[in-house]
Amino acid sequence: MNRSVFVISFLVSLLFSPVIAETYQTKRLADDGIHDPTNSALNILQEPAESMVDFPLDRRGQIDWVRAIQEGKIAPRKSKSGDEYEGGEIMLEMDMDLILKQTDSMPNVRFPHLAHTQWLACSNCHPKIFIPQYEANPISMEKILKGEFCGRCHDKVAFSLWVCERCHSVPHEGSPVGYGQQ
Ligand code: HEC
Ligand code: HEC
Ligand code: HEC
């Protein structure tokens, strides 16, 4: 194979290389608009691209924090000091899935309490955002997109609303076959 063909096919293979495609793309601390680039103490901080290099990503290339916990990449503390009983409420993990079915032709929504209570206390949601009773809350996609209910966190501090399939994960008779499959 002549040299330029070799170089080009090498570059093309890089383009499709999973290592490159699956690395989390992020700004350097000095360019992120949050840290002061002239402060010499910046050197002691680890670059996000380095600390999160092997973290699992979702379809849009954002970090999949739920898998990051499941794979043991991170172990969030229960409080600022790490002491489970520090101050007020104790954080309890609770494994209870609820299937929300007002989804028209979209697959139904599986709401997992476990993936939430690994980070959040019950009082983060109950009773202000959701009355703790199945189907008691008038949730709709429009309200979510306007920042109510699930939209209080999703697209802000939790994963984006554009990965529909992470919520709409339970197919039903009227939903398209293979929805959300890659
Ligand atoms: C991220 C938000 C969130 C957190 C945190 C959360 N929940 Fe819920 N919970 C919900 C949603 C959403 C529903 C379903 C509401 C609906 O169907 O309208 C629900 C429903 C419930 C229900 C009703 C179940 C039923 O069958 O009627 C109970 C009980 C409940 N939660 C208890 C808890 C407890 C205990 C905790 C903490 C260990 C907790 N929840 C943490 C969002 C949350
Ligand atoms: C954070 C979770 C979440 C994500 C992400 C999400 N949805 Fe929803 N969606 C819901 C919930 C919850 C409901 C209401 C279910 C219920 O009340 O039974 C809903 C309802 C709907 C409905 C029913 C009609 C309506 O307006 O309520 C449609 C259609 C819908 N979603 C489309 C989408 C599409 C398209 C996307 C991606 C662009 C998406 N959703 C992303 C949680 C989500
Ligand atoms: C108080 C904040 C908050 C609210 C309200 C909230 N979520 Fe979440 N949700 C999170 C956080 C934090 C995570 C875990 C981190 C992440 O994935 O970004 C999460 C994770 C999830 C997951 C796990 C996805 C997976 O891949 O396993 C689903 C599904 C989900 N949320 C759906 C919903 C739905 C549906 C609602 C509304 C009924 C909702 N969430 C309301 C904060 C919230």
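**Three ligand shells in a predicted model**

Ligand 1 is surrounded by 20 residues, and those that come nearest are Cys122, Cys125, Pro132, Tyr134 and Asn137. The model described here is a predicted one, and this first ligand makes a welcoming place to begin. Two elements, β1 (97-100) and α5 (113-117), each contribute at least two residues to the shell around ligand 1. Of these, α5 gives the most, with 3 residues. Sorted by class, the shell around ligand 1 holds 12 nonpolar residues, 7 polar residues and 1 charged residue.

Attention can now turn to the second ligand. Around ligand 2 there are 20 residues, with Leu100, Gln102, Met141, Cys164 and Cys167 the closest. Two or more residues of this shell come from each of the helices α6 (141-145) and α7 (164-167). The class breakdown for ligand 2 is 11 nonpolar, 5 polar and 4 charged residues.

The third ligand completes the set of shells described here. Ligand 3 has 22 residues around it, and Ala115, Cys150, Cys153, Ala158 and Phe159 come nearest. Here the elements that supply two or more residues are α4 (65-70), β2 (109-112), α5 and α7. The largest share of the shell around ligand 3 comes from β2, which provides 3 residues. By class, the shell around ligand 3 is made up of 17 nonpolar, 3 polar and 2 charged residues.

With the ligands introduced, the protein as a whole can be considered. The protein contains 7 helices and 2 strands. Along the sequence, these elements follow the pattern α-α-α-α-β-β-α-α-α. Of the 182 residues in the protein, 3% are buried. Among contacts in the protein with a separation of 6 or more, 42% are between residues 24 or more positions apart.

One residue offers a closer look at the chain. Leu120 is found in the loop between α5 and α6. Is Leu120 buried, exposed or partly exposed? Leu120 counts as partly exposed because 14 other C-beta atoms lie within 10 Å, whereas a buried residue would need 20 or more and an exposed one 12 or fewer. How far apart are the C-alpha atoms of Leu120 and Lys78? These C-alpha atoms are separated by 8.8 Å, while the two residues are 42 residues apart along the chain.

Note on methods:
Residues are numbered from 1 along each chain as its sequence is written. Chains are lettered from A and ligands numbered from 1 in the order in which they are written. This is a predicted model: local features need pLDDT of at least 70, side-chain atom pairs count only at pLDDT 80 or more; totals for chains, interfaces and linings use all residues. A residue is near a molecule or strand if its C-beta atom, placed from the backbone, lies within 6 Å of it. Helices (H or I, at least four residues) and strands (E, at least two) are DSSP runs, numbered from the N terminus. Ala, Val, Leu, Ile, Met, Phe, Trp, Tyr, Cys and Pro count as nonpolar, Asp, Glu, Lys and Arg as charged, and the others, Gly among them, as polar. Two residues are in contact if their C-beta atoms, placed from the backbone, lie within 7 Å.
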